[in-house]
Amino acid sequence: MKSPIQSYLETLHRQLAALRGGEVASYIPELTKANPDWFGICLVTVDGVAYSVGDAAQPFTIQSISKPFVYATALADRGLAYVSQRVGVEPSGDAFNSISLHPKSGAPLNPMINAGAIASASMVAGQDATRQWARIAESLGVFMGHDVALDDAVYRSESETGFRNRAIAWMLKNFGIIADEPMAALENYFRQCSVLVDCRDLAFMAATLANGGIHPATGQRALPPEDVERVLSVMATCGMYDYAGSWLYEVGMPAKSGVGGGIIAVLPGRFGIGVFSPPLDEKGNSVRGIEVCKRLSHDFGLHVFNKT
Ligand code: GLN
């Protein structure tokens, strides 16, 4: 017999496939090639059971969904004292590419906006940028449960056009937040954004956070438990950029979106979800992705503050 979760997700997918609206991201030229009809959902429980519907095996670039995981890696590698001096945990209420830096220290307000993510990429362990990239790739791979691959065309496209991010990286150098060569750290950030994932990978990454930092299928620890709590906290308050407040109000789960069209949401102790649908709203969040999470939260009473 088909599981009730699988049937529920199939109905939800069918209904929301009809939802129109939003635009595929175009500021990274290569992303315009995405098909607006692609739509996948995957839910993975903390005991490792995966439920997939639609285009759940369609690869796309992770983009900003990499941010919580690289921030997590920086925390695990350098410790809270070091990282918290260089990246804050305050929601900025600003767009993902805003230059939201603390006026005195220059520390980015949080690790979910680009400034904080570029700073995080510069802080992971490794004596030089090449070794730091190896560390980022290895860490993302543990969260995913397999080795990572890059979409080279998207990486090059962003590297060739990412002037705003270049300006942000130089600002971080100006304030001493990035210790070494800022352009090398920035290239690692562009690389991490170009990592290929599908909904299943995202759901396993989210489920690893839901499961206290242990990948539910491989059993490998991706992150110490105390860092899981920190990462979920910044996802809850900052993961959806200038939509973060409404998101917590309406959906009530730690989450992260990316301009590739992906969204992850985490219900601690229960499951992780990965949704993929490229058309984005004006804040850069997947239109269908938001709707899937709203419906799931509402239909099953999943809001983290709902304990009745
Ligand atoms: N690579 C993208 C950028 O830096 C990521 C943005 C996002 O997914 N919101 O602009």
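**Two domains and a ligand: a short walk through the model**

Let me begin with a single residue, Asp201, which touches Met144 and Gly274 once the residues up to four places away in sequence are left out of the count. Please keep in mind throughout that what we are looking at is a predicted model. Asp201 has its place in helix α9, which covers residues 199-210, and with 27 C-beta neighbours inside 10 Å it counts as buried, because the cut-off for that word is 20 or more. Asp201 also shows how a chain can bring distant parts of its sequence together, since Asp201 and Cys42 are 159 residues apart in sequence and yet 8.8 Å apart in space, taken from C-alpha to C-alpha.

Now let us step back to the overall layout. The protein is divided into domain 1, made of residues 4-63 and 196-300, and domain 2, made of residues 66-193. The centres of these two domains, taken over C-alpha atoms, are separated by 21 Å, and the contact between the domains takes 33 residues from domain 1 and 31 residues from domain 2. On the side of domain 1 that touches domain 2, α9 and α10, the latter spanning 225-238, each supply at least two residues, and it is α10 that gives the most to that side, with 8 residues. Sorted by class, that side of domain 1 has 17 nonpolar, 10 polar and 6 charged residues.

Where does the ligand lie with respect to domain 1 and domain 2? Both domains give residues to the shell around the ligand, so the ligand lies between them. The residues that surround the ligand include Gln63, Ser64, Phe96, Asn97, Asn114, Glu158 and Asn165, and also Cys193, Gly258, Val259 and Gly284. By class, this shell has 3 nonpolar, 7 polar and 1 charged residues. For comparison, an unreviewed UniProt entry places the feature "binding site" at Ser64, Asn114, Glu158, Asn165, Tyr189, Tyr241 and Val259.

Two of the residues named in that record deserve a closer look. Asn114 is found in helix α4, residues 114-121, and counts as buried, because there are 25 C-beta neighbours inside 10 Å. Leaving out residues up to four places away in sequence, Asn114 touches Phe96, Asn97, Asn165 and Ile168.

The other is Tyr189, which sits in helix α8, residues 182-193, and which also counts as buried, with 26 C-beta neighbours inside 10 Å. Apart from its neighbours within four places in sequence, Tyr189 is in contact with Ala117, Ile118 and Ala121. As for helix α8 itself, at 1.5 Å a residue its 12 residues should span 16 Å, and its end C-alpha atoms are 17 Å apart, which agrees. Of those 12 residues 9 are buried, so α8 is largely enclosed by the rest of the structure, and what covers its buried residues includes β3, α2, α4, α5, α6 and α7.

Finally, a contrasting case: is Thr161, in helix α6, buried or partly exposed? With 14 C-beta neighbours inside 10 Å, Thr161 counts as partly exposed. Setting aside its neighbours within four places in sequence, Thr161 is in contact with Ile28 and Pro29, whereas Thr161 and Phe69, which are 92 residues apart in sequence, lie 24 Å apart in space from C-alpha to C-alpha.

How values were computed. Residues are numbered from 1 along each chain as its sequence is written. This is a predicted model: local features need pLDDT of at least 70, side-chain atom pairs count only at pLDDT 80 or more; totals for chains, interfaces and linings use all residues. A residue is near a molecule or strand if its C-beta atom, placed from the backbone, lies within 6 Å of it. Ala, Val, Leu, Ile, Met, Phe, Trp, Tyr, Cys and Pro count as nonpolar, Asp, Glu, Lys and Arg as charged, and the others, Gly among them, as polar. Domain bounds come from an automatic or database domain assignment. UniProt positions are given in the numbering used here, feature names are shortened, and annotations may be inferred rather than shown by experiment. Helices (H or I, at least four residues) and strands (E, at least two) are DSSP runs, numbered from the N terminus. Two residues are in contact if their C-beta atoms, placed from the backbone, lie within 7 Å. The expected span of a helix is 1.5 Å times one less than its number of residues.
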